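Me: I am new to this structure and would like to go through it in questions and answers. Could we begin with pairs of charged side chains and then turn to the surface and the backbone?

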Amino acid sequence: MGKTRIAPERYRAARASRAEDGACEGTGARAVPSTGWETQPEAGRRMGCGGTERFAIRPARAARRRERRLAAAFVALAVAIALAALLLAPVVGVLGSLAGGAAGEATAPEASTPIDQWRLGEVPALYQTDPAWAGQPYAGGTIGENGCGPTCLAMAYIALTGNRDRGPVEMAELSERLGCTVDGMTAWSFMVDGASALGLSSEELSADPEAVRAALGAGKVVICSVLPGDFTTTGHFIVLAGLNADGTVAVRDPNSAERTARSWDLQRVIDQCANLWAVGA
């Protein structure tokens, strides 16, 4: 059979009729009405009607889908944060208890030996967190925060002289006048220069139990700079006040009444010392 030729007028009429019916020429695909639709330029093209086939999404429907995706993302984030908080809570609790029990940061103010009980030959228990002086400025902070060094030298001064004219506040002022503060801490030089300014003798002591016992037996007060361990998590000063009958050592920790009340094995304390000074009258 021969091919039937269609007159141009009839061809154009047939094509227009298909377009009105919504059929896409050559594919049978439905044409996309333009009113109220939004065409996506990149992902919405594939080979089809006239070489391309356009996919469109209603604006309202697209907005709802975006809102649902955002809501789902926020819910997932909230769940993840809640789970992380639950998992980390025990760890934070343990770290907090360790910091409160062994660090050089007290959790509550301590009551020091009253001034009317400061006597020659007795090392008083003075605490840097005592409200009587904790808020006084020192080394860029306060005595309560940074004042373990001056508080220790005050204890030694009182025991060796019996005087009541110099407590932690006066010792903190002396330390700053002598330039013995650095980065919020008391410099080791204060244990020598400060003692000298007070008319006391002070010398570095070897980290040897027999040397410490000899110094304490001679009536001297031993000040220790201790490393992280039983007394601190950073750095700290404590006082060795004397020897007990059972051979243990009496400690004056300016940041803890609990550690002050305990008897300590001398070797255990020495093992945590970075330096020691024997202070005498």
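Me: With which residue does Arg268 form a salt bridge?
Reply: This is a predicted model, and a salt bridge here needs a side-chain nitrogen of Lys or Arg within 4 Å of a carboxyl oxygen of Asp or Glu. For Arg268 the closest N and O atoms of the pair are 2.7 Å apart, and the residue that supplies the other side is Asp230.

Me: How many residues apart are Arg268 and Asp230 in the chain, and where do they lie?
Reply: Arg268 belongs to helix H9, which covers residues 266–270, and this arginine counts as partly exposed because its relative accessibility is 41%. Asp230 lies in the loop between E10 and strand E11 (236–243), so that the pair links distant parts of the chain, 38 residues apart.

Me: How many salt bridges does the count come to?
Reply: The same distance rule, a nitrogen within 4 Å of a carboxyl oxygen, is also met by Lys220 and Glu203, at 3.6 Å from N to O. That pair too links distant parts of the chain, with Lys220 in the loop between helix H7 (209–217) and strand E10 (221–226) and Glu203 in strand E9. By this rule the count comes to five.

Me: What separates Arg213 and Glu210 along helix H7?
Reply: The side chains of Arg213 and Glu210 meet in a salt bridge, 3.0 Å from N to O. In an α-helix there are 3.6 residues a turn, so residues three or four places apart point the same way. Because Arg213 and Glu210 are three residues apart in H7, what separates them is about one helical turn.

Me: Is Glu210 buried or exposed?
Reply: Its partner Arg213 has a relative accessible area of 31% and is partly exposed. A residue counts as exposed when its relative accessible area is over 50%. Glu210 has 52% relative accessibility and therefore counts as exposed.

Me: Which residues gather in a patch of positive charge on the surface?
Reply: One of the members, Arg64, has its place in helix H2, and at 45% relative accessibility Arg64 counts as partly exposed. The patch of positive charge is made of Arg61, Arg64, Arg65, Arg66, Arg68 and Arg69.

Me: About how much accessible area does the nonpolar patch on the surface have together?
Reply: One of its residues, Leu77, is found in helix H2, residues 59–102. Leu70, Phe74, Leu77 and Ile81 form this patch, and their accessible area together is about 450 Å².

Me: What arc do the buried residues of helix H6 cover around the axis?
Reply: The buried residues of H6, which covers residues 190–197, are Phe190, Met191, Gly194 and Ala195. They are on the same side of H6, because the arc they cover around the axis is only 115°.

Me: What phi does Gly199 take just after H6?
Reply: The backbone of Gly199, just after H6, takes a positive phi, and its value is about 85°.

Me: Is Ala139 buried or exposed?
Reply: Ala139 has a positive phi of about 55° although it is not a glycine, and its place is in the loop between strand E5 (137–138) and strand E6 (141–142). Since buried means under 20% relative accessible area, Ala139, at 11%, counts as buried.

Me: Is Asp183 buried or exposed?
Reply: Asp183, in the loop between strand E7 (181–182) and strand E8 (185–186), has a positive phi near 50° and is a residue other than glycine. At 72% relative accessibility, Asp183 counts as exposed.

Methods:
Residues numbered from 1 in each chain as written. Predicted model: local features only at pLDDT ≥ 70, side-chain atom pairs only at ≥ 80, totals over all residues. Heavy atoms only, no water. Helix = DSSP H or I, 4+ residues; strand = E, 2+ residues; numbered from the N terminus. Buried < 20%, exposed > 50% of the residue type's maximum accessible area, 1.4 Å probe, protein only. Patch = residues over 30% accessible without salt bridge, like charges linked within 9 Å, V, L, I, M, F, W, Y side chains within 5 Å. Areas by Shrake-Rupley, 256 points an atom, 1.4 Å probe, with all protein chains shown as cover. Lys, Arg positive; Asp, Glu negative; His and termini not counted. Charge placed at Lys NZ, Arg CZ, Asp CG, Glu CD. Arc of directions from axis to C-beta.
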